[in-house]
Amino acid sequence: MIRRATLSLLAAALTAPLGAQDNDFFGAAVAFSGRDLLVVKRAPARGPAAVHLFRQAGGSWTKVTELRAPGAIERGFALSPSMAATDEMVVVGGGDPDNVWGAHGFRHEGDAWVSASDAAVREEVPAGKGEVT
């Protein structure tokens, strides 16, 4: 348990945004799922927003894949800095330019991760609200 906590702190320190110029927010959230290290890159500044998945092999961490919500590239999708993970599933918050906000789930199947389910709510502005007069 202490080793995992130490690795979590190390991963957070290594992936934390370096400053305002780092506008894709790599490292906005970090979590472990079994032997996998999950790191959120929440904005699509340099490549699409995604959860980057790393595994340790031979004493070093190697990027295995990226988990992305369907349509992430085409729609300018962004992720929130919130993520929850178990050994079998990860859920990350997100939203897109069309004001559809929700959460995206990914399920662990064998050695692969697959899109599991999405929860989305369309944010509607009531009539008369948000208008400038």
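Arg-42 sits in the loop that links β2 (36–41) and β3 (50–57). The model here is a predicted one, and this briefing visits that loop residue, then a serine in β1, then the pairing of β5 with β6.

**Arg-42 and its surroundings**
- Arg-42 has a relative accessible area of 25%, so it counts as partly exposed, a class that lies between the 20% and 50% cut-offs.
- Setting aside neighbours within four places in sequence, Arg-42 is in contact with Asp-24, Phe-25 and Ala-28.
- The contacts of Arg-42 also include Ala-49, as well as the run of Ala-78, Leu-79, Ser-80 and Pro-81.
- Gly-27 is 15 residues away from Arg-42 along the chain, and their C-alpha atoms are separated by 8.1 Å.

**Ser-33 in strand β1**
- Strand β1 covers residues 26–33, and Ser-33 belongs to it.
- Is Ser-33 buried or exposed? Ser-33 is buried because its relative accessible area is 1%, and buried means under 20%.
- The side chain of Ser-33 has a polar partner, reaching the backbone oxygen of Thr-86 at 2.4 Å.

**The β5 and β6 hairpin**
- Strand β5 spans residues 78–85 and strand β6 spans residues 89–95.
- In which sense do β5 and β6 pair, and over how many bridges? Their pairing is antiparallel, over 5 bridges.
- Together β5 and β6 make a hairpin, with 3 residues between them.
- Within this pairing, Ala-84 stands opposite Val-91 of β6.

Technical notes:
Residues are numbered from 1 along each chain as its sequence is written. This is a predicted model: local features need pLDDT of at least 70, side-chain atom pairs count only at pLDDT 80 or more; totals for chains, interfaces and linings use all residues. Side-chain values use heavy atoms; hydrogens and water are left out. Helices (H or I, at least four residues) and strands (E, at least two) are DSSP runs, numbered from the N terminus. Buried means under 20% relative accessible area, exposed over 50%, partly exposed in between (1.4 Å probe, protein chains only). A polar contact is a pair of N or O atoms within 3.5 Å; within protein, one must be able to donate a hydrogen and the other to accept it, and residues adjacent in sequence count only if both atoms are side-chain atoms. Two strands pair if DSSP finds at least two bridges between them. Contact means heavy atoms within 4.5 Å.
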